[in-house]
Amino acid sequence: MKKRVLITGAGSGIGLQLVRDYAADGWQVVACGRDRSRLEQVLEGVDAELCLFDMENREQSARVLSAQGELDLVILNAGTCEYIDDALRFDAALFERVIRTNLIGTVNCLAPLLTRIKSGGRLALVGSSVTWLPLTRAEAYGASKAGLDYLARSLALDLSPRRIGVSLIRPGFVDTPLTRRNDFPMPGRIGVQQASRAIRRGLARGKAEIAFPFVFVQVLRLLSWLPRGLWLRLARRTLRSTR
Ligand SMILES: NC(=O)c1ccc[n+]([C@@H]2O[C@H](COP(=O)([O-])OP(=O)(O)OC[C@H]3O[C@@H](n4cnc5c(N)ncnc54)[C@H](OP(=O)(O)O)[C@@H]3O)[C@@H](O)[C@H]2O)c1
């Protein structure tokens with residue numbers, strides 16, 4: 001029996017690469033997105049079933065996803081990023097947009113999908129390495145991903161009696177349409193193939209947290225142990241030198 005995986009955000013970047021790689025590995029793949037023609041175009045020649053919905057629409061997400069059959073693995077990867085450019089004129093609408101996509105959109109997929117995951121199966125949420133330490137302009141993005149961190153850890157407790165594992169995926173910088181919009185240096189940026197390899201290996205091993213690339217993550221971890229005042233001074237100095 002082929003294993004079955006459902007992946008959101010399949011139209012580009014990390015999600016698209018995961019769809020290609022799982023299909024090539026012989027999995028039955030359900031590729032989710034909200035633009036049929038885009039999915040058909042990028043997935044031409046890839047053996048994947050399409051599943052169309054906007055995850056910000058709770059009713060539509062529930063209707064479409066509850067029609068799914070049993071799944072071995074669900075990867076809730078779809079997300080967005082916008083930055084707060086002026087903290088003094090805090091853009092609450094931008095903050096709401098990012099939270100609505102990354103956190104609420106992900107949560108909208110849970111109820112219809114959790115009952116579809118087989119006992120012994122796994123749910124993976126794509127968070128970010130940003131939550132190790134506060135970064136400039138990342139108030140909205142970081143808060144949305146911090147929400148996913150807690151959600152993943154809490155769900156892991158409540159789903160363990162049902163034998164459903166939970167993994168939190170924490171990428172560093174990956175070269176995708178999302179990061180190509182960034183106007184700042186992105187240390188340690190890796191390609192989508194490398195990201196997909198790290199994610200698939202971590203999920204196959206049943207890891208609770210999958211963070212990559214290794215060196216970048218170790219540096220973030222070390223910096224996160226600094227006293228807050230020291231990190232503030234360091235971050236301010238870096239900001240001054242890049243502006
Ligand atoms: N790239 C990085 O460096 C990096 C680092 C850390 C974490 N991540 C996370 O990794 C995930 C994938 O990002 P990526 O870099 O691969 O970006 P990407 O290429 O922009 O892919 C994001 C995907 O999410 C989909 N999406 C967004 N809003 C949606 C909605 N409301 N309903 C359904 N689909 C929606 C997009 O579809 P549309 O094209 O229709 O908008 C797109 O296919 C995100 O959660 C991101 O935060 C990325």
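A polar contact is a pair of N or O atoms within 3.5 Å; within protein, one must be able to donate a hydrogen and the other to accept it, and residues adjacent in sequence count only if both atoms are side-chain atoms. Please keep in mind that this is a predicted model, where local features need pLDDT of at least 70, side-chain atom pairs count only at pLDDT 80 or more, and totals for chains, interfaces and linings use all residues. Residues are numbered from 1 along each chain as its sequence is written, and side-chain values use heavy atoms, with hydrogens and water left out.

**Exercise 1. Find which residues surround the ligand and which atoms make polar contacts with it**.

Step 1. Start with the shell, where a residue is near the ligand if one of its heavy atoms lies within 4 Å of it. There are 28 such residues, and the closest are Arg34, Asn77, Tyr141, Val174 and Thr176.

Step 2. Turn to the polar atoms. The side chain of tyrosine 141 places an N or O atom 2.8 Å from a ligand oxygen. For threonine 176, a side-chain N or O atom is 2.6 Å from an oxygen atom of the ligand. Methionine 55 uses its backbone instead: an N or O atom there lies 3.1 Å from a ligand nitrogen.

Step 3. Ask how much of the ligand is covered, using accessible areas from the Shrake-Rupley method with a 1.4 Å probe (for residues, only the protein chains shown count as cover). The ligand exposes 890 Å² when taken alone, and the protein buries 91% of that.

Step 4. Assign the shell to elements; helices (H or I, at least four residues) and strands (E, at least two) are DSSP runs, numbered from the N terminus. Helix H1 (13–24), helix H5 (139–159) and helix H6 (177–180) each give two or more residues. H6 has the largest share, with three residues.

**Exercise 2. Describe the surroundings of arginine 100 and its salt bridge**.

Step 1. Locate the residue: arginine 100 is in helix H4 (residues 92–114).

Step 2. Classify its exposure, where buried means under 20% relative accessible area, exposed over 50%, and partly exposed in between (1.4 Å probe, protein chains only). Arginine 100 is partly exposed because its relative accessibility is 33%.

Step 3. List its contacts, meaning heavy atoms within 4.5 Å. Leaving aside residues up to four places away in sequence, arginine 100 touches Glu56 and Gly105.

Step 4. Look for a salt bridge, defined as a side-chain nitrogen of Lys or Arg within 4 Å of a carboxyl oxygen of Asp or Glu. Glutamate 96 is the partner, with the closest N and O atoms 3.6 Å apart. Both residues lie in helix H4, four residues apart, about one turn of the helix.

**Exercise 3. Compare where two other salt bridges sit in the chain**.

Step 1. Take glutamate 59 and arginine 63, whose closest N and O atoms are 3.3 Å apart. They are separated by about one helical turn because they are four residues apart in helix H3 (residues 58–65).

Step 2. Next comes aspartate 175 with arginine 189, at 3.5 Å between the closest N and O atoms. This pair links distant parts of the chain, 14 residues apart: aspartate 175 is in the loop between strand S6 (165–171) and H6, and arginine 189 is in the loop between H6 and helix H7 (192–204).

Step 3. Finish with the wider count. The structure holds 18 salt bridges, and Asp149, Arg170, Glu209 and Arg221 are linked in a network of them.
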